[in-house]
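Subject: Structure for you to look at

Hi,

Here is the structure I promised to pass on. Have a look at it first, then read my notes underneath.

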Amino acid sequence: MKKRAYRKHSFSMAHRFSTTMRSKHGAVYGWMLCVGSGWLLMPCSVVATNDASPHANSITAEYRDTAKKIIDTTMAGNDAWNKMEALCLEIGHRLSGSPQLDQAITWAVHTMKVDGQQNVIAEPVMVPRWVRGLESATMIAPRHERLGMLGLGGSVGTSQKGITAQVVVADSEEALKALGESVKGKIVLFNQAMPPYDPDRGSGYGTGVYFRTHGARLASEQGAVAVLVRSATARSLRSPHTGAMRYGDAKVKIPAAAITLEDTDMIARLVKRGVRVMVSLKMAAKTYPDVASANVIGELVGRSHPDEFVVIGGHLDSWDVGQGAHDDGAGCVMAMEAINVLRKMNLRPRRTIRVVLWTNEENGLRGGRAYAKQHEAELPRHVAAIESDSGAFAPQGFSVDCVDEQREAVAVEQLKEIVGLMQSLGPLEVNVGGSGADVSPMKPSGVVLMGHRVEGSTYFDYHHSMADTLDKVDPTLLSKNVAAMATMAYILADMPHPLGTRSMPMGTD
Ligand SMILES: [Zn+2]
């Protein structure tokens, strides 16, 4: 679990501040959306507007024409939608350890080779294999009703005949404690509502996901036999949302599943009315030994500093429902297509742009960790690492995050210039703080991490649910995101000084 503390940044007062904050209701809001195994909330402390800084207009002058050309060329036509159809419709969802993820890896390698990318490889990574199996949750008293449910990733299953027990409801840890001994032998339903999206504060996912992650451990400590959690979404058309859970140091592992907002509400109201609610839960979920998987890598090799890198990418795995369209097929395709567009334009930057499609972000982060480890020796020559894992909605800019705050501050000024060249794609901004789960293991090495930001008001409606399908992706917005990624990656890979520096290039021309 990683939550970034609020961090002040000393920009001029002209910059608009947007604080990540804990509201009076205890809700944690944050900008970055992605969301695998608990690396969910990466709040940003400052929103910097894209007004050009007074002392460094060189990037603007140098890259104005190229940026326009990249954007115009991308918007005139590209292969991103075709790639999305292949990935989402022909392969579909792709959980770690599934044959579909293997197919997606094969497809990505093949596609990047066909596109003419260089050094295309699949780097082996061992990943967990959790298989959902058949599952159901049925309310059997006061009446019979099948509930909309999805088992949580990593959960144990039930016996074949399932678990039938009375439901108790808790909307907080305190409420659970207050139930005391009465929890024994019962199914606990956690009913903590995820706050709705707020344009200034971002999503309330950090709050919404708490009991999904920790509910089973907390309830089992008090003797519960199973856990149901309100799905981590603020809006629902009776769709359950899965996601990772953890047992931590729980002595007894009890099954855990998410149910829809509507079913949660129904049960909570019945219990409040004093009605005895009984639920029968059946889950065949099982964790098998780790299996082989891979991060997929492909490059547009730099013309003068081929051993310096700008990494761009997303995660190729998804949950085992829907098609993993916004989460995160889109992020993978944006990166693949960004270097495809640049290559077709014969734009070869000084440094290498490396596409990395990480495996196992959702339930292990093994791909992100493996990349940082396998490429440890190269990390000092990573100029930046950008992850896109918030869907393919309207582009809003980039966030930046670096352990070296001075370097981060310089990077922000430079990035403001770069996004200033992309205003035809929308009002793009630069945020301080937050990047992506898969790039985060590179942070201790001092790599400048970046997150590709998009409008976030509907992401969690689809996220980790059967509704995360290609029809929810807008082809024009997808192209805009490809253009944003291609322009950013090109300039970062080409600018004379590495991002975040003004006078200490890693190499010399
Ligand atoms: Zn994701």
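What follows is a short tour of the sheet, the helices around it and one loop residue.

Before you start, keep in mind that this is a predicted model.

**The sheet**

I'd begin with the open sheet, which has eight strands in the order β4-β3-β10-β6-β7-β8-β9-β5 and mixed pairing. At its edges sit β4 (145-147) and β5 (149-151), each of which pairs on one side only. From one strand to the next, the twist averages 30°.

A good place to zoom in is β10 (residues 278-283). On one side, it pairs with β3 (residues 135-141) in the antiparallel sense, over six bridges. If you want landmarks there, M139 stands opposite V279, and E135 has M283 as its bridge partner. β10 is also joined to β6 (residues 163-170), again running antiparallel, by four bridges. For that pairing, look for T164, whose bridge partner in β10 is S280.

While you have the strands on screen, a general point helps with reading them: in a regular strand, side chains alternate between the two faces of the sheet.

**Helices on the sheet**

Two helices are worth finding here. Helix α6 (residues 210-221) lies across β7, β8 (226-230) and β9 (256-259), and it runs at about 150° to β8. Helix α7 (residues 261-272) also packs on the sheet, where it touches β3, β4, β6, β7, β8 and β9. The direction of α7 makes about 80° with that of β6.

**Helix α2 and its two partners**

Next, turn to α2 (residues 80-91), which I looked at together with α3 and α8. How do α2 and α3 (residues 99-114) cross? Their axes come within 10 Å and cross at roughly 155°, which makes α2 roughly antiparallel to α3. The crossing of α2 past α3 is right-handed. On the α2 side, the residues involved are K83, A86, L87 and I91, and they meet Q100, Q103, A104, W107 and T111 of α3. By class, that contact divides into five nonpolar residues, three polar and one charged.

With α8 (residues 325-344), α2 packs at an angle of about 135°, the axes being 9 Å apart. The two helices are therefore oblique to each other, and this crossing too is right-handed. Here α2 contributes A80, K83, M84, L87 and C88, while α8 brings A325, G329, A330, V333, M334, M336 and E337. The residues of this contact come out as nine nonpolar, one polar and two charged. Notice that K83 and L87 are listed in the contact with α3 and again in the contact with α8.

**A loop residue to check**

Last, find P196, in the loop between β7 (187-190) and α5 (205-208). Is P196 buried or exposed? It falls in between: P196 is partly exposed, because 13 other C-beta atoms lie within 10 Å, and a residue counts as exposed at 12 or fewer and as buried at 20 or more. Leaving aside neighbours within four places in sequence, P196 is in contact with G204 and A234. Try locating F460 as well: P196 and F460 are 264 residues apart in sequence, yet their C-alpha atoms are 9.7 Å apart in space.

That's the tour. Shout if anything is unclear.

Cheers

Methods. Residues numbered from 1 in each chain as written. Predicted model: local features only at pLDDT ≥ 70, side-chain atom pairs only at ≥ 80, totals over all residues. Axes fitted to C-alpha atoms, helices over the stretch in contact; angles between N-to-C directions. Parallel < 35°, antiparallel > 145°, perpendicular 65-115°, else oblique. Left-handed = near helix turned anticlockwise from the far one by under 90°. Contact = placed C-beta atoms within 7 Å. Nonpolar A, V, L, I, M, F, W, Y, C, P; charged D, E, K, R; others polar. Pairing = 2+ DSSP bridges.
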